Amino acid sequence: MIPENSTSDFASYAKKTTLFPSLVEQRQGRGPIPRVGEAPLEKIRADFPILSEQVEGRQLVWLDNAATTHRPKQVIDRLVHYYTHENSNVHRGAHTLAERSTDAFEAAREKIARFLGAPGANNIVFVRGTTEGINLIAYAYVKPLLRPGDEIILTLLEHHANIVPWQLVAQETGAVLRVAPVDESGQIILSEYAKLFNSNTRFVSMTQVSNALGTVAPVQEMVAIAHGFGVRACVDGAQSVSHMPVNVSAMDADFFVFSGHKIFGPNGIGVLYGKEDVLDAAHPWQGGGSMISDVTFERTLYQKAPQKCEAGTPNVADAVGLGAAIDYVSAIGMENIARYEHELLEYGIRELGVIPGLTLVGTAAQKASVLSFVLNGHENEEVGRYLNRAGIAVRAGHHCAQPILRRFGYEGTVRPSLAFYNTPGEIELLARTLHEFVNSSL
Ligand code: PLP
């Protein structure tokens with residue numbers, strides 16, 4: 001149930017925002033067809049076969065993009081092409097398919113490096129996803145630095161994937177976790193964050209965008225503060241890379257991680273970016289083939305990164321598919337995507353803001369994609385089920401981010417989350433269905 005004393009009122013927040021009128025005009029037939037940059041929204045949507053799916057006898061409305069995104073046919077076709085024409089193990093074969101496969105795999109690494117503004121392809125390690133990337137950093141780089149009493153700084157906004165690995169290494173070494181607080185809007189309080197640093201601080205890890213609230217954290221400033229204390233920093237980009245331009249060099253992050261499935265790419269593939277010196281300093285993460293330069297029973301010599309961190313046969317096809325996803329969003333333009341989604345988010349805030357009893361959870365001025373809310377007198381799961389009957393897919397629950405929701409007095413929320421293929425019409429349907437739900441339960 002929703003606590004009576006909730007502090008962040010969606011309606012008053014909505015009034016404070018500067019709304020772009022263009023989407024409203026488009027819906028009223030007074031403006032042009034919505035475009036994301038140059039690309040008409042209808043054309044973009046036609047690239048995503050699953051968006052035409054019917055659920056519960058209704059047209060699917062996918063507003064669960066923070067959990068996972070859908071794949072355009074360009075990504076699906078790339079996977080089919082890989083398995084039809086290129087499939088082979090990489091790096092070792094003396095034959096044509098090994099060459100094709102290796103070229104495709106390494107080309108994907110280069111694309112990702114360019115997309116992130118990384119110095120080069122050797123800064124890019126393929127992992128299973130954000131979770132594996134953070135575990136790799138925790139065990140291979142940070143744990144060997146830790147002594148009892150050392151401190152790791154996190155923020156209250158973190159997903160469990162950026163909490164639990166740190167808890168595990170802390171338990172194993174006697175280190176302790178310190179947590180940067182947020183204000184009433186769900187934004188990091190920079191001055192409080194800065195106060196957490198001291199001579200025992202060994203590492204800091206922070207999300208760029210909160211998956212539960214949508215808060216965009218000031219990561220560039222946070223990394224600079226960490227560096228001012230001689231501390232290395234990891235940025236969790238799981239919820240940022242698909243919504244805004246990211247440049248790891250400008251951000252000066254020592255590590256940056258994201259998952260392919262959250263940026264229109266395949267499942268089971270993700271990226272760990274690391275600066276050259278931190279990747280060099282990292283211990284081997286897993287042992288096996290591909291990561292070695294020489295093995296005897298007495299000792300092993302390792303390859304340099306990224307191979308040192310990629311033991312065993314990699315997930316070649318999905319890395320190639322992720323490269324295709326990066327090509328897809330790059331062709332639309334991350335600036336264009338960010339601008340369109342911002343308009344859509346503000347439109348959503350206005351449309352939902354007039355629903356009686358609805359409270360927005362997370363009202364930071366800097367916000368991306370997420371419209372988390374609770375509805376007075378209703379369980380989140382009940383709201384989610386009602387929306388599903390209208391074809392609308394949202395997440396209801398704790399979103400693997402219990403500490404930040406508890407900060408606001410909640411065990412869960414209903415969380416519509418946007419991507420650039422969502423339309424103003426879908427937002428209106430969401431709002432209309434919520435009005436119906438509220439009226440039907442009066
Ligand atoms: N970090 C954030 C901010 C997330 O939102 C998620 C997933 O929702 C993760 C980490 C974990 O990502 P994955 O499950 O793809 O490893």
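Rings of Phe, Tyr and Trp count as an aromatic pair if their centres lie within 6.5 Å; planes over 60 degrees apart are edge-to-face, those under 30 degrees are stacked, and the rest are tilted. The exercises below concern a predicted model.

**Exercise 1.** Classify the aromatic pairs that Y421 forms with F264 and with F420.

*Solution.* The structure holds 17 aromatic pairs. In the pair of F264 and Y421, the centres are 5.8 Å apart and the planes stand at 75°, which is edge-to-face. F264 belongs to the loop between β11 and β12, and Y421 to the loop between β19 and α16, so this pair ties together parts 157 residues apart in sequence. For F420 and Y421, the centre-to-centre value is 5.8 Å with 55° between the planes, a tilted pair. F264 and Y421 are both buried, and F420 is buried as well. One aromatic cluster comprises F48, F264, Y328, F420 and Y421.

**Exercise 2.** Describe the surroundings of the ligand and its polar contacts with H159, D236 and H261.

*Solution.* Begin with the shell, which by class has two nonpolar, eight polar and two charged residues; among them are T130, N211 and K262. Next, take the contacts. A ligand nitrogen lies 2.6 Å from a side-chain N or O atom of D236. Ligand oxygen is found 3.3 Å from such an atom of H159 and 2.8 Å from one of H261. Finally, the ligand alone exposes 400 Å², of which the protein buries 85%.

**Exercise 3.** Compare the span of helix α5 with the expected value.

*Solution.* Helix α5 covers residues 96-116, 21 in number. From first to last C-alpha it reaches 30 Å, close to the 30 Å expected at 1.5 Å a residue. Its buried residues include F105, E106 and R109. Just after α5, G117 adopts a positive phi of about 70°.

Definitions and conventions
Residues are numbered from 1 along each chain as its sequence is written. This is a predicted model: local features need pLDDT of at least 70, side-chain atom pairs count only at pLDDT 80 or more; totals for chains, interfaces and linings use all residues. Side-chain values use heavy atoms; hydrogens and water are left out. A residue is near a molecule or strand if one of its heavy atoms lies within 4 Å of it. A polar contact is a pair of N or O atoms within 3.5 Å; within protein, one must be able to donate a hydrogen and the other to accept it, and residues adjacent in sequence count only if both atoms are side-chain atoms. Accessible areas come from the Shrake-Rupley method with a 1.4 Å probe; for residues, only the protein chains shown count as cover. Ala, Val, Leu, Ile, Met, Phe, Trp, Tyr, Cys and Pro count as nonpolar, Asp, Glu, Lys and Arg as charged, and the others, Gly among them, as polar. Helices (H or I, at least four residues) and strands (E, at least two) are DSSP runs, numbered from the N terminus. The expected span of a helix is 1.5 Å times one less than its number of residues. Buried means under 20% relative accessible area, exposed over 50%, partly exposed in between (1.4 Å probe, protein chains only). Rings of Phe, Tyr and Trp (its six-membered ring) pair if their centres lie within 6.5 Å; planes under 30 degrees apart count as stacked, over 60 as edge-to-face and the rest as tilted.
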